[in-house]
Amino acid sequence: MNFKGRDIISIRSFTKQEILYILEKADEMDHMLKKHGSLSLLKGKILATLFYEPSTRTKLSFESAMHRLGGDTIGFSEAGVSSAAKGETLADTVRVVEGYSDILVIRHPMEGSALLAAEYADIPVINAGDGAGRHPTQTLLDLYTLRREVGKLDGLRIALLGDLKYGRTVHSLAHALSLFDTQIYAVSPEELRLPREIISDLRRKGVEVVESNSFEGILDQVDVLYVTRIQKERFPDPEEYKKVQGTYKITPATIERANPDLVLLHPLPRIDEISPELDNTRHAKYFQQSYYGVPVRMAILALVSGALR
Ligand code: NCD
């Protein structure tokens, strides 16, 4: 399997075998990290991070992953401090940064921006979130977490909860889950349902998707609750946000009614969807999930740069 030079724009361009291969490499990275602390696979290489939108986990775990591999990073975390503030186009920025780096990671509020960047750059481009579109590396770390913390991808019953309309992590995750034998419950307010084209694509692939606006009936039916934040910044009208704000709250009382082995995941940041009282329970795996971003992104960086096969 050869990933050298490959862009990572959408999880849909990866086969099940390729995804499983990346997860296997992430396991190797995690093992090596624990054993050696850091490696020198990407010594002398530079990762550029172009972040036009806020980020904590994605940016820092990409940077941590690059440093753990012995490489260096350059970048910005706000469009306001880049030449975008002077009116430079994304295409120009990408062509310039390509000359400074070996791999480019981009997060941008516009859907399709990562694809555009990849068209202008010859070095590998990784989509770290394009508007309400996609977030493929989050999906890889979500799948990695599911495999490690639930122990399976096939036979999984999972509820995606919250903002399924604007949440890019669930868009990518739903596509990836369709490659496995999974049952998906899509729980959201009426206004924030999973886009129709994703639902029909899932059904076309034979995935059973049950939509609802409440998690009450399914708490004891699922292995995993994948909770998401209502994406306030994507609402064209703040009044619309107010209507759905705080719709779902997972509390200790919720968990009492759930499958005793329920695993709670969340791409984070959380606002108030999961009560902090649950953080120290065996159900809460979201901080572990955010840690897995490091070994998974190490595998991704090492694979696309050709240092790992
Ligand atoms: C998510 C994102 O940016 O899409 N965060 C992340 O990358 N872990 C989720 C969110 O912002 O709600």
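# Pockets, a cavity and a helix crossing between two domains

Reply: Start with the largest pocket. Domain 1 (11–134 + 293–305) and domain 2 (136–290) each give at least three residues to its lining. Keep in mind that this is a predicted model.

Me: How is empty space found, and what volume does the largest pocket have?

Reply: Rolling a probe the size of a water molecule over the atoms shows where empty space is left. Here the largest pocket has a volume of about 400 Å³. It is lined by 21 residues; Arg107, Arg168, Arg229, Leu268 and Pro269 are the closest to its centre.

Me: Which helices supply at least two residues each to that lining?

Reply: H2 and helix H6 (168–177) do. By class, the lining of the largest pocket has 4 nonpolar, 10 polar and 7 charged residues.

Me: What about the second largest pocket? Which residues lie nearest its centre?

Reply: Gly133, Arg134, His171, Glu197 and Ile198, out of 15 lining residues. The volume is about 290 Å³. H6 gives the most to this lining, with 3 residues. Helix H7 (196–204) supplies at least two. The classes are 4 nonpolar, 6 polar and 5 charged. Again, domain 1 and domain 2 each contribute at least three residues.

Me: Now the closed spaces. How many cavities of 30 Å³ or more does the structure hold?

Reply: It holds 1. About 50 Å³ of space lies in the largest cavity. Its lining is Arg57, Thr58, Gln138, Leu141, His266, Pro267, Gln289, Ser290 and Arg297. That makes 2 nonpolar, 5 polar and 2 charged residues.

Me: Why does the largest cavity lie between the domains?

Reply: Look at who lines it. Domain 1 and domain 2 both give residues to the lining, so the cavity lies between them. Among the helices, H10 gives the most, with 3 residues. Helix H2 (57–68) and helix H5 (136–150) each supply at least two.

Me: H5 and H10 also pack against each other. At what angle?

Reply: Two packed helices are described by the angle between their axes and the distance between the axes. For H5 and H10 the angle is about 115 degrees, and the axes are 8 Å apart. The crossing is right-handed.

Me: Which residues of H5 and H10 meet?

Reply: H5 residues including Gln138, Leu141 and Arg148 meet H10 residues including Gln289, Val296 and Arg297. The contact has 6 nonpolar, 6 polar and 4 charged residues. Gln138, Leu141, Gln289 and Arg297 also line the largest cavity.

Me: Last, how many residues does each domain bring to the contact between domain 1 and domain 2?

Reply: The C-alpha centres of the two domains lie 25 Å apart. Domain 1 brings 32 residues to the contact and domain 2 brings 27.

Notes: Residues are numbered from 1 along each chain as its sequence is written. This is a predicted model: local features need pLDDT of at least 70, side-chain atom pairs count only at pLDDT 80 or more; totals for chains, interfaces and linings use all residues. Side-chain values use heavy atoms; hydrogens and water are left out. On a 1 Å grid over the protein atoms alone, a cavity is a set of points where a 1.4 Å probe fits but cannot get out, and a pocket is an open set with protein on both sides within 12 Å along at least five of seven lines; lining residues have an atom within 4 Å of a point. Grid points are joined across faces, edges and corners, and a volume is the space filled by probe spheres set on the points. Helices (H or I, at least four residues) and strands (E, at least two) are DSSP runs, numbered from the N terminus. Ala, Val, Leu, Ile, Met, Phe, Trp, Tyr, Cys and Pro count as nonpolar, Asp, Glu, Lys and Arg as charged, and the others, Gly among them, as polar. Domain bounds come from an automatic or database domain assignment. Axes are lines fitted to C-alpha atoms, for helices over the stretch in contact, and angles run from 0 to 180 degrees between N-to-C directions. A crossing is left-handed if the near helix is turned anticlockwise from the far one by less than a right angle, and right-handed if clockwise. Contact means heavy atoms within 4.5 Å.
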